[in-house]
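Biologist: Please take a close look at the strand pairing in this model. Then set it against the rest of each chain.

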Amino acid sequence: MKDFETQYVRWQDGLLDPALEPEFLRELKRRGMSEADGASWGPISGMLAEHAAACPLENADFFSHSVMEKVVALAEPDKGGGTHEGGWFATFLGMPGRLAWAGGLMVALVAALYFAIPEVRTGGPRDDLATRILSAQADEPGLSVAAFEANDGAAVVWIEGLDYLPADHVVR
Amino acid sequence: MRAFGKVGRGGVGSVTPGAGLLALCCLLIFCGSLRAEDSISAYLLVATNDSEPQPVPAKMRPYEKNLREVFGYNRFDQVGAGKADVPGKSEAWLVPSSELFLKADTQRNENGRGVPAQLELWQREKRILNTRALLRPGAPVLIRGPQWGNGLLILVVVLEP
């Protein structure tokens with residue numbers, strides 16, 4: 001199959017070996033193709049050969065050198081991606097100064113915010129820093145207890161019904 | 001020692017500013033993750049109204065506004081204090097006075113969320129209050145005690161780092 005296609009192209013270009021031509025034409029007819037196809041291709045092929053030929057380069061060496069330089073420049077970033085000696089840390093330190101300083105500044109900013117904002121460390125709003133009374137009960141008859149929140153997260157336990165202590169009663 | 005000096009010259013001496021900054025940030029974050037053990041303190045105050053109010057005790061200054069607003073007095077004198085570590089081995093007695101004292105059973109402060117505590121207030125040999133609380137540093141529990149003379153006894157229980 002491939003031989004036929006090769007011969008077909010060469011036949012269209014008028015380059016087919018005359019010894020092979022009778023056999024080729026028989027194959028062409030067997031495939032239901034017309035000899036007129038080849039005849040119509042002949043002028044087109046001639047015009048292409050005459051007008052669409054590659055322009056000769058005046059400075060071929062310079063052109064080749066420029067292309068090679070461009071190829072090398074494009075290939076260099078791939079070569080340097082994390083494969084330097086010293087690994088990613090050396091790559092980090094080797095980054096352009098402005099980028100490295102911007103990264104360092106961001107880390108310092110996050111650290112500063114971490115220590116400056118209590119909510120970041122405790123993972124909750126300011127309300128979570130309040131002391132909470134979960135339960136409160138009086139153990140003596142006649143006493144009553146109430147618990148409530150005060151300002152700044154403080155909690156109050158209010159006991160009512162305790163005996164009055166005279167001023168001369170020693171409490172220290 | 002001399003060997004360390006030579007190593008330092010070749011290695012540490014060549015640290016770039018970026019690496020130094022990174023190391024400083026790591027150190028700050030590490031230090032922030034360390035927590036000092038807490039302690040629980042009880043202060044017994046006598047609250048009175050005075051025409052010439054005196055300054056509150058230094059330890060009570062952060063809570064002065066609350067003390068004034070909640071109890072309605074303008075003078076607070078400290079008559080005793082007691083302190084115990086958190087968490088205690090089992091239970092701790094904080095005895096700021098012979099009249100009122102506190103039994104505290106505390107647990108470990110998990111994730112910095114607060115210290116669960118079982119607090120019992122005793123007046124001499126009688127237990128008068130039994131309460132469960134979640135204590136946060138710097139946020140006290142203010143317990144209103146009995147009237148004493150022309151004033152009021154107040155127990156301030158606070159978790160201190």
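Modeller: The strands come first, then the turn, and after that the two chains in order.

This is a predicted model, so local features need pLDDT of at least 70 and side-chain atom pairs count only at pLDDT 80 or more, while totals for chains, interfaces and linings use all residues. Residues are numbered from 1 along each chain as its sequence is written, chains are lettered from A and ligands numbered from 1 in the order in which they are written, and side-chain values use heavy atoms, with hydrogens and water left out.

The pairing centres on β3(A), residues 155-160. Helices and strands here are DSSP runs numbered from the N terminus (helices H or I, at least four residues; strands E, at least two), and two strands pair if DSSP finds at least two bridges between them. Within chain A, β3(A) pairs with β2(A), residues 144-149, in the antiparallel sense, over six bridges. Across to chain B, β3(A) pairs with β7(B), residues 141-148, in the parallel sense, over four bridges. Val157(A) takes part in both pairings: Ala147(A) stands opposite Val157(A) in the pairing of β2(A) with β3(A), and Ile143(B) in β7(B) stands opposite Val157(A) in the other.

β2(A) and β3(A) form a hairpin, with five residues between them. One residue of that turn is Asp152(A), found in the loop between β2 and β3 of chain A. Asp152(A) is not a glycine, yet has a positive phi of about 60°. Its relative accessibility is 62%, so Asp152(A) counts as exposed (buried is under 20% relative accessible area, exposed over 50%, partly exposed in between; 1.4 Å probe, protein chains only).

Chain B has a residue of this kind as well. Arg124(B), again other than glycine, has a positive phi near 55°. Arg124(B) lies in the loop between β5 (115-123) and β6 (126-135) of chain B. With a relative accessible area of 34%, Arg124(B) is partly exposed.

The hairpin strands come at the end of the element order of chain A, which runs α-α-α-α-α-α-α-β-β-β from the N terminus. That makes seven helices and three strands. Of the 172 residues of chain A, 16% count as buried. Contacts (heavy atoms within 4.5 Å) in chain A with a separation of 6 or more are 20% between residues 24 or more positions apart. The accessible surface of chain A comes to about 12700 Å², and carbon and sulfur atoms hold 61% of this area (Shrake-Rupley method with a 1.4 Å probe; for residues, only the protein chains shown count as cover).

Two helices of chain A show how burial and exposure are arranged there. In α2(A), residues 21-30, Phe24(A), Glu27(A) and Leu28(A) are buried. They cover an arc of only 105° around the axis, which puts them on the same side of α2(A) (the arc is that of the directions from the helix axis to the C-beta atoms). An α-helix has 3.6 residues a turn, so residues three or four places apart point the same way. The face turned away from the buried side of α2(A) carries exposed Arg26(A), Lys29(A) and Arg30(A). After α2(A) comes Gly32(A), with a positive phi near 75°.

In α4(A), residues 60-80, we find Phe63(A). Phe63(A) is partly exposed, at a relative accessible area of 48%. Together with Leu57(A), Val67(A) and Val71(A), Phe63(A) forms a nonpolar patch on the surface, with about 370 Å² of accessible area in total. Patch residues have over 30% relative accessible area and no salt bridge; like charges are joined within 9 Å and nonpolar side chains (Val, Leu, Ile, Met, Phe, Trp, Tyr) within 5 Å. A salt bridge is a side-chain nitrogen of Lys or Arg within 4 Å of a carboxyl oxygen of Asp or Glu.

Chain B holds three helices and eight strands, in the order α-α-β-α-β-β-β-β-β-β-β from the N terminus. Buried residues make up 47% of its 161 residues. In chain B, 51% of the contacts with a separation of 6 or more involve residues 24 or more positions apart. Chain B exposes about 8300 Å², with carbon and sulfur atoms supplying 55%.

Ala84(B) gives a local view of chain B. Ala84(B) is in β2(B), residues 75-85, and is buried, with a relative accessible area of 10%. Leaving aside neighbours within four places in sequence, Ala84(B) is in contact with Ser39(B), Ile40(B), Ala92(B) and Leu94(B). The C-alpha atoms of Ala84(B) and Ala104(B) are separated by 8.5 Å, and the two residues are 20 residues apart along the chain.
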